[in-house]
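Here are a few exercises to work through with the sequence and the model side by side. Try each task yourself before you read its solution.

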Amino acid sequence: MTYAAAITVVHAQSADFACPKAGTVEQRAVSSTTYNGPSPSDPTICMITNRLGKPEQRLYNLFPLSDINNNASALAPMKAGLSDILSGRKTSVTFPSTLSNGYIEKDTWTFVRKEPLQVGNKTFNTLVLDREITADPRGRSGFHGHYIMWIDPAAGLWLKSELTDASGNTNMYPQSSRVRTVTP
């Protein structure tokens with residue numbers, strides 16, 4: 001008899017994604033965001049007050065939503081892909097992401113490692129992910145790049161992002177960002 005075994009490599013994830021708790025304030029170098037908890041209709045959509053003081057909704061606290069992309073057909077591939085990578089069911093996912101302006105990017109996410117990240121006087125248990133973005137060729141940027149991103153899924157916070165490789169126009173894509181403080 002011959003036996004074959006399939007091995008799936010996963011990273012242990014102790015907590016599923018949760019939007020930041022209402023009242024949480026994230027301070028970056030030049031702006032702050034106030035979190036208002038999850039949407040009553042979908043726990044993966046985070047309600048925020050953005051840096052301009054306006055209400056905003058973000059899928060997994062990352063993708064801004066609008067009338068253009070806040071629908072089942074646009075959200076389904078993004079939700080499935082991010083759920084798989086953040087939960088540890090998969091170590092790499094690729095999916096189309098429909099942006100708030102209607103353009104579609106190709107997103108590939110790969111698990112890199114788990115590591116603690118110090119932000120102010122708090123330590124967060126983060127997943128470190130490689131994110132490759134290929135911009136919609138109909139868009140004006142022609143961007144292709146790789147980011148290394150740190151997220152604490154239990155807190156729902158994307159704490160750090162570093163652009164490691166880029167081509168095309170980068171003016172619509174941040175070079176890097178880091179949360180300076182999180183309260184409470």
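**Exercise 1: A pocket and its lining**

The second largest pocket has a volume of about 160 Å³. This is a predicted model, in which local features need pLDDT of at least 70 and side-chain atom pairs count only at pLDDT 80 or more, while totals for chains, interfaces and linings use all residues. Residues are numbered from 1 along each chain as its sequence is written, and side-chain values use heavy atoms, with hydrogens and water left out.

Task: find which residues line the second largest pocket, and sort them by character.

Solution. Start with the terms: on a 1 Å grid over the protein atoms alone, a pocket is an open set of points where a 1.4 Å probe fits, with protein on both sides within 12 Å along at least five of seven lines; lining residues have an atom within 4 Å of a point. Grid points are joined across faces, edges and corners, and the volume is the space filled by probe spheres set on the points.
Next, list the lining: Cys19, Pro20, Lys21, Thr24, Lys122, Phe124, Ala154, Ala155, Leu157, Val182 and Pro184.
Finally, sort them: 8 are nonpolar, 1 is polar and 2 are charged.

**Exercise 2: The open sheet**

Task: work out the strand order of the 6-strand open sheet and say which strands stand at its edges.

Solution. Strands here are DSSP runs of E with at least two residues, and helices are runs of H or I with at least four, numbered from the N terminus. Two strands pair if DSSP finds at least two bridges between them.
The order is β5-β4-β3-β2-β1-β12, with antiparallel pairing. β5 (63–64) and β12 (181–183) each have a single partner strand, so one side of each lacks a neighbour in the sheet.
Now zoom in on one pair: β2 (residues 32–39) and β3 (residues 42–49) are joined by 4 bridges in the antiparallel sense. Ser39 has Asp42 in β3 as its bridge partner.
For the wider setting, the protein chain has 1 helix and 12 strands.

**Exercise 3: Around Leu129**

Task: decide whether Leu129 is buried or exposed, and find what it touches.

Solution. First, locate Leu129 in strand β8 (residues 122–134).
Leu129 has a relative accessible area of 0%, so it is buried (under 20%; exposed would be over 50%, with a 1.4 Å probe and protein chains only).
Then look for contacts (heavy atoms within 4.5 Å). Leaving out residues up to four places away in sequence, the partners of Leu129 include Trp109, Phe111, Tyr147, Met149 and Trp158. The C-alpha atoms of Leu129 and Met149 are 5.2 Å apart, although 20 residues separate them in sequence.

How values were computed: Ala, Val, Leu, Ile, Met, Phe, Trp, Tyr, Cys and Pro count as nonpolar, Asp, Glu, Lys and Arg as charged, and the others, Gly among them, as polar.
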